[in-house]
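Colleague: I would like to know how the labels on this model were reached. Please give the cut-off each time.

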Amino acid sequence: MDLDAFNAVHSAEWSRLEELTKKRSLDGAEADELVRLYQSVATHLSTIRSAAPDPVLITRLSDLLGRARTRIAGAHEPAWRDVVRFATVSVPAALYRIRWWTVTIMVLFVGVAVVSGWWVATNPDALASMGTPAAREQYVDEAFASYYDPGAGFASMVWTNNARIAALCIALGISGVFPAYIMFANAVGVGSTGGMMAYYGELDTFLTLIAPHGLLELTAIFVAGAAGLRLFWALIDPGPRTRGRAVAEEGRALFTIAIGLVVVLAVSGLIEGFVTGSGMAWWLKIVIGALALAAFWVYTIVLGRRAVQAGETGDLTADHAGDVAPVAA
């Protein structure tokens, strides 16, 4: 098919359809014309896709048809089924696809934290970098435990802070540097604090106050770092896709993860705000934290595997994501 000739023959119809979609109000004749042109241009798009898949023209007509469809049928109103599908299909699919990235970051984080803790607990110079002896003792004896003040205000503060860290990991993930820096800095910070507590014989206090909320909280941060680094890797190695397409697809899936992490961090914040600093038995606090973490992984693995096997990636559906240029596999 001669695409230039096809464009010359039908461009007037496309321009007229665009003109009608932009009009503030339509009379009866114009409304009928809008529907007729919509059907005609949809046929044109189908012809171009099959005979001469020019990505620029396909994108132009797809956008035009989308605006015309909205004008004819009205804007799409999200239904509860869309919310349910997002929560049970899109989010777990996106989480499942980066599960090994998450696990890898978790292992590296724990390794760095353990080394940092051991170094602070056994090296006088490293311990001295944590503050003066009086400041360290005050922190171990009072400040660390008193930080976990039960209540809605504390839970909200924790959720806001953790959500900010996760959002930065995701938003700046394409750099490849920021997520790695955040993971390393947090691992050193957690490990060093644990090492100082261990030096003063309070490692059990550290673990019982960190574990209830930290199991889920840190996992959420690992996921955010994994999502950011996955986007960076799509830029480095896009596979059979074009680099722009790979980044676009992974970026949209990344924001699906970001929305899911808002809920995960909210749960973690509730545990930290109402369980960690409460008067519950220490073993019950840890059980609650472990159950929350188990629920997250069951959600990710069970629902995520099912969704991925059905072809889901966490990206937008095809009618919302737009058309892409065909590429050789």
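Modeller: Partly exposed lies between two limits: buried is under 20% relative accessible area, and exposed is over 50%. Bear in mind that this is a predicted model.

Colleague: Why is Trp119 called partly exposed?

Modeller: The relative accessible area of Trp119 is 46%. That value falls between 20% and 50%, so Trp119 is partly exposed.

Colleague: What makes Trp118 count as exposed?

Modeller: Trp118 has 53% relative accessibility. Exposed begins over 50%, so Trp118 counts as exposed.

Colleague: Why is the aromatic pair of Trp118 and Trp119 called tilted?

Modeller: Five aromatic pairs are counted in the model. In the pair of Trp118 and Trp119, the distance is 6.2 Å centre to centre, with 45 degrees between the planes. Rings pair if their centres lie within 6.5 Å; planes under 30 degrees apart are stacked and over 60 edge-to-face, so 45 degrees leaves this pair as tilted.

Colleague: And what makes the pair of Tyr199 and Tyr200 edge-to-face?

Modeller: Their ring centres are 5.1 Å apart, which is within 6.5 Å, and their planes stand at 85 degrees, which is over 60, so the pair is edge-to-face. Tyr199 is partly exposed at 47% relative accessible area, and Tyr200 is partly exposed at 24%.

Colleague: How do you know whether Arg230 is buried or exposed?

Modeller: Arg230 has 17% relative accessibility; buried means under 20%, so Arg230 counts as buried. This residue is found in helix α10, residues 203-236. Leaving out residues up to four places away in sequence, Arg230 touches Arg97, Ile98, Trp101, Arg241 and Glu250.

Colleague: Why does Trp282 count as exposed?

Modeller: The relative accessibility of Trp282 is 55%, and exposed means over 50%, so the label follows. Trp282 is found in helix α12, residues 282-309. On the surface, Trp282 joins Met280, Trp283, Leu284, Val287 and Leu291 in a nonpolar patch with about 610 Å² of accessible area together.

Colleague: How do you know that the span of α3 is close to the expected one?

Modeller: Helix α3 covers residues 55-73, 19 residues in all, and reaches 26 Å from its first C-alpha to its last. The expected span at 1.5 Å a residue is 27 Å, to which 26 Å is close.

Colleague: Which residues of α3 are buried, and what do they pack against?

Modeller: Leu57, Ile58, Leu61, Ser62, Leu64, Leu65, Gly66 and Ala68 are buried in α3. The buried residues of this helix pack against α1 (3-22) and α2 (28-51).

Definitions and conventions: Residues are numbered from 1 along each chain as its sequence is written. This is a predicted model: local features need pLDDT of at least 70, side-chain atom pairs count only at pLDDT 80 or more; totals for chains, interfaces and linings use all residues. Side-chain values use heavy atoms; hydrogens and water are left out. Helices (H or I, at least four residues) and strands (E, at least two) are DSSP runs, numbered from the N terminus. The expected span of a helix is 1.5 Å times one less than its number of residues. Buried means under 20% relative accessible area, exposed over 50%, partly exposed in between (1.4 Å probe, protein chains only). Contact means heavy atoms within 4.5 Å. Patches are made of residues with over 30% relative accessible area and no salt bridge: like charges are joined within 9 Å, nonpolar side chains (Val, Leu, Ile, Met, Phe, Trp, Tyr) within 5 Å. Accessible areas come from the Shrake-Rupley method with a 1.4 Å probe; for residues, only the protein chains shown count as cover. A salt bridge is a side-chain nitrogen of Lys or Arg within 4 Å of a carboxyl oxygen of Asp or Glu. Rings of Phe, Tyr and Trp (its six-membered ring) pair if their centres lie within 6.5 Å; planes under 30 degrees apart count as stacked, over 60 as edge-to-face and the rest as tilted.
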